[in-house]
Amino acid sequence: MNLIELSVLVPEERVTEFYVMLGNWLGGKPDQAENGEGSGEAGGRRRRRARQSPRAALNSRYAGISEYLKEQSGQTAEASFGDIEKAIGSNLPASAERHRAWWANTERNTQARVWMEEGWRVDRVDFDNRTVSFSRN
């Protein structure tokens with residue numbers, strides 16, 4: 001098998017969507033990549049995560065982010081990763097320290113549902129300075 005290296009430019013806010021689509025395509029279901037369906041398990045069955053109500057996210061381990069954002073008075077807020085860790089009472093997962101997809105504004109991520117339910121979205125993540133910028137919707 002010959003391999004080709006590709007570079008793909010994806011808007012930051014759509015990185016998670018891109019990875020889902022790519023995963024579906026690699027799983028052999030390119031025709032279902034757009035609607036999030038595909039084959040991930042033997043026999044063509046895929047385990048689906050139960051759809052939670054948006055408010056259920058506020059009971060997650062990331063609920064402290066909601067409280068942090070409620071304290072912000074402006075249209076934008078910049079938080080250090082340390083601020084977020086203090087708000088949630090634990091360290092961020094390693095993926096939050098390295099992958100923009102963790103910070104994607106998508107209903108698929110429990111942590112994103114927390115800030116989106118409060119009317120915020122992530123605009124920018126600076127991994128070098130360990131900061132994240134939020135703005136009100």
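**Notebook: helix H2, the core and the salt bridges**

I began with helix H2 (residues 63–70), in which Gly64, Ile65, Ser66, Tyr68 and Leu69 are buried. By buried I mean under 20% relative accessible area, by exposed over 50%, and by partly exposed the range in between (1.4 Å probe, protein chains only). Helices (H or I, at least four residues) and strands (E, at least two) are DSSP runs, numbered from the N terminus. I note that this is a predicted model, in which local features need pLDDT of at least 70 and side-chain atom pairs count only at pLDDT 80 or more, while totals for chains, interfaces and linings use all residues. Residues are numbered from 1 along each chain as its sequence is written, and side-chain values use heavy atoms, with hydrogens and water left out.

**Cover of H2 and the core**

I looked up what covers the buried residues of H2; the cover includes strand S1 (76–80), helix H3 (81–88), helix H5 (110–117), strand S2 (120–126) and strand S3 (131–136). I then turned to the largest nonpolar core, which has 21 residues. Such a core is a set of buried Ala, Val, Leu, Ile, Met, Phe, Trp, Tyr and Cys residues joined through side-chain atoms within 4.5 Å. Ile65, Ile84, Leu92, Trp103, Trp115, Val132 and Phe134 have the most contacts inside this core. H2, S1, H3, H5, S2 and S3 each give two or more residues to the core.

I followed Val132 further: beyond four places in sequence, Val132 touches Ala77, Glu78, Ala79, Phe81, Ile84, Trp103, Val122, Arg124 and Val125. Contact here means heavy atoms within 4.5 Å.

**Salt bridges**

I counted a salt bridge where a side-chain nitrogen of Lys or Arg is within 4 Å of a carboxyl oxygen of Asp or Glu; this rule gives 5 salt bridges.

In H2, Lys70 pairs with Glu67, with the closest N and O atoms 3.5 Å apart. The two residues are 3 apart in the helix and so separated by about one helical turn. Lys70 is partly exposed at 49% relative accessibility, and Glu67 is partly exposed at 46%.

Glu78 and Arg124 also form a salt bridge (3.8 Å, N to O). Because Glu78 lies in strand S1 and Arg124 in strand S2, this pair ties together parts that are 46 residues apart in sequence. Both of these residues also appear among the contacts of Val132.

Glu97 and Arg130 meet at 2.7 Å, N to O. Glu97 is in helix H4 and Arg130 in the loop between S2 and S3, so the pair ties together parts that are 33 residues apart in sequence. Salt bridges with shared partners join Glu85, Glu97 and Arg130 into one network.

**Asn109**

I checked Asn109, which lies in the loop between helix H4 (94–98) and H5. Asn109 is buried, with a relative accessible area of 14%. Beyond four places in sequence, Asn109 touches Thr16, Ala101, Trp102 and Ala104.

**Whole chain and confidence**

I recorded 5 helices and 3 strands, in the order α-α-β-α-α-α-β-β along the sequence. Of the 137 residues, 33% count as buried.

The mean pLDDT, the predictor's confidence in each residue from 0 to 100, is 80, and 74% of residues reach 70 or more. Over residues 32–52 pLDDT stays under 50, and the model has 25 contacts beyond four places in sequence for this stretch. Where pLDDT is low, the predicted coordinates should not be read in detail.
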